[in-house]
Amino acid sequence: MDSLVKVHGGGGYDSDFSDDDGQQEDPERALKRKHEEEILQKPFQKGRHSQKAHRSLHSNEVDREEARNRRAHIISLNAFERHKKFVGDYILYYGGHLADFRRSADKDKTDLDVLRENHRFLWRDEDEEDMTWEKELAKRYYDKLFKEYCIADLSRYKENKFGFRWRTEDEVVSGNGQFECGNKRCETQEGLKSWEVNFAYVEHGEKKNALVKLRLCPECSFKLNYHHKRKEVKAKTKRPSEENQEAPQKTKKEKEKKRKRKRSSSHSKKQRHKRDRNPSASSDNSEESKDSDKDSEAGAEPKSQSEGDHWRGPAPAVEEKSR
């Protein structure tokens, strides 16, 4: 009986899929069973775990989820906040002070600093050869300036030192430098004079000269000419030689006009004189045939007078019309 139990198992039935806990499975049999399970497994069916999952699997999943959350948080930050977070984490883990991570602002430059370094009072073709972005910025600013009149700084006129710059658009619109005094600390609008100054200056280690114009009031003009007299620009007047040349041209034109008027008036007089002669001759012939010699002689005088009156009367009217 015991032998039967051993052969057929505890329940009297034998099964290839039931193994005792104390016995080890044959490796060939295990491979065969695994192969059969793979064949019988459906494509959409998930694999079965024959054993409980290890703790490392759970910890790996937790770490993966935490890393996913950190990545989403860092991406949501901007560059500066991200930088502060990394610096704070570094100080938290490795120690140190926040002052050690502060950036030095000694080499920082604004657009105004770039303009001051690369500005030129007058740009030449040679200055535009090796253009950097700093020079292009200064050249763009220079093109927007109005280079007819200058704005002057006369605060150090006793040392014979002056500062000149070109006008901006707002100064041109307001009339500063042309209809107001060109001194930047003066707003006088009366008694302005134009001055031409040879401006000698040093730019980027080179000595240069430029001829500029200024509009200054009497007080500021005194400051400009404190050491030596500058050239005053005045409005150009016509020379007497030019006036003499224009005068004979005018007289010639007037004489030609008078000659044309006389020709037109004489031509009209001749035409009217011919018209007047024809009716007078016809009237004389008819009256001589009808009347006697006495009547014709008596009537001849008024006819001649009428002819003379008719000749003298319309002549002045023609002259007035021609005039």
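In this tour, two residues are in contact when their heavy atoms lie within 4.5 Å of each other. Keep that in mind as you click through this predicted model.

**Stop 1: α5 and α6**

Select residues 111-118, which form helix α5, and then add α6, residues 133-143. On the α5 side, pick out D111, V114, L115 and N118; they meet W133, E134, K135, L137, A138 and Y141 of α6. Sorted by class, this contact has 6 nonpolar, 1 polar and 3 charged residues. Now look at the geometry: the axes of α5 and α6 come within 9 Å and cross at roughly 85°. The two helices are therefore roughly perpendicular to each other, since angles of 65 to 115 degrees fall in that class.

**Stop 2: α3 and α4**

Next, select residues 55-76 for α3 and residues 79-94 for α4. Here the axes come within 8 Å, and the crossing angle is roughly 130°. That makes α3 oblique to α4. To see where they touch, show side chains for H73, I74 and I75 of α3, together with R82, K85 and F86 of α4. This contact has 3 nonpolar, 1 polar and 2 charged residues.

**Stop 3: α2**

Move to residues 27-40, helix α2. Try putting a distance between the first and last C-alpha of α2: its 14 residues reach 20 Å, close to the 20 Å expected at 1.5 Å a residue. How many of the residues of α2 are buried? The count is 0 among its 14 residues, and the helix is hardly covered.

**Stop 4: the whole chain**

Zoom out for a moment. The chain holds 11 helices and 5 strands. Of its 323 residues, 17% count as buried. Taking the contacts between residues at least 6 apart in sequence, 49% join residues at least 24 apart.

**Stop 5: the largest nonpolar core**

Now for the inside. Which residues have the most contacts within the largest nonpolar core? They are F121, F164, L214 and L216, in a core of 27 residues. Color the elements that each supply at least two residues to this core: α6, β1 (146-153), β2 (163-167), β3, β4 (206-216) and α8 (218-224). You have already visited α6, where W133 and L137 are among the residues that meet α5.

Center the view on F164. Setting aside its neighbours within four places in sequence, F164 is in contact with F121, C150, I151, A152, V197, F199 and L214. Two of those partners, F121 and L214, also appear in the list of residues with the most contacts inside the core.

**Stop 6: the loop between α7 and β3**

Follow the chain out of α7 (169-174) and towards β3 (193-203). Three residues in this loop are worth a click.

- G175 sits in the loop between α7 and β3. Its relative accessible area is 4%, so G175 is buried. Draw a line from the C-alpha of G175 to that of Q189: the two residues are 14 apart in sequence and 9.8 Å apart in space.
- N176 belongs to this loop too. With a relative accessible area of 17%, N176 is buried, because buried means under 20%. Beyond four places in sequence, N176 is in contact with I151, R167, E171 and C181. The C-alpha atoms of N176 and T188, which are 12 residues apart along the chain, are separated by 9.7 Å.
- N183 is also placed in the loop between α7 and β3. Is N183 buried or exposed? At 6% relative accessible area, N183 is buried. Not counting residues up to four places away in sequence, N183 touches A152, D153, L154, L216 and C220. You met L216 at the previous stop, among the core residues with the most contacts.

**Stop 7: two positive phi angles**

Finish with two backbone details. Select N160, in the loop between β1 and β2. Phi of N160 is near 60°, a positive value in a residue other than glycine. N160 counts as partly exposed, at 36% relative accessibility.

Then go to H204, in the loop between β3 and β4. H204 has a positive phi of about 55°, although it is not a glycine. At 46% relative accessibility, H204 counts as partly exposed.

Definitions and conventions: Residues numbered from 1 in each chain as written. Predicted model: local features only at pLDDT ≥ 70, side-chain atom pairs only at ≥ 80, totals over all residues. Heavy atoms only, no water. Helix = DSSP H or I, 4+ residues; strand = E, 2+ residues; numbered from the N terminus. Buried < 20%, exposed > 50% of the residue type's maximum accessible area, 1.4 Å probe, protein only. Expected span 1.5 Å × (residues − 1). Axes fitted to C-alpha atoms, helices over the stretch in contact; angles between N-to-C directions. Parallel < 35°, antiparallel > 145°, perpendicular 65-115°, else oblique. Nonpolar A, V, L, I, M, F, W, Y, C, P; charged D, E, K, R; others polar. Core = buried A, V, L, I, M, F, W, Y, C linked by side-chain atoms within 4.5 Å.
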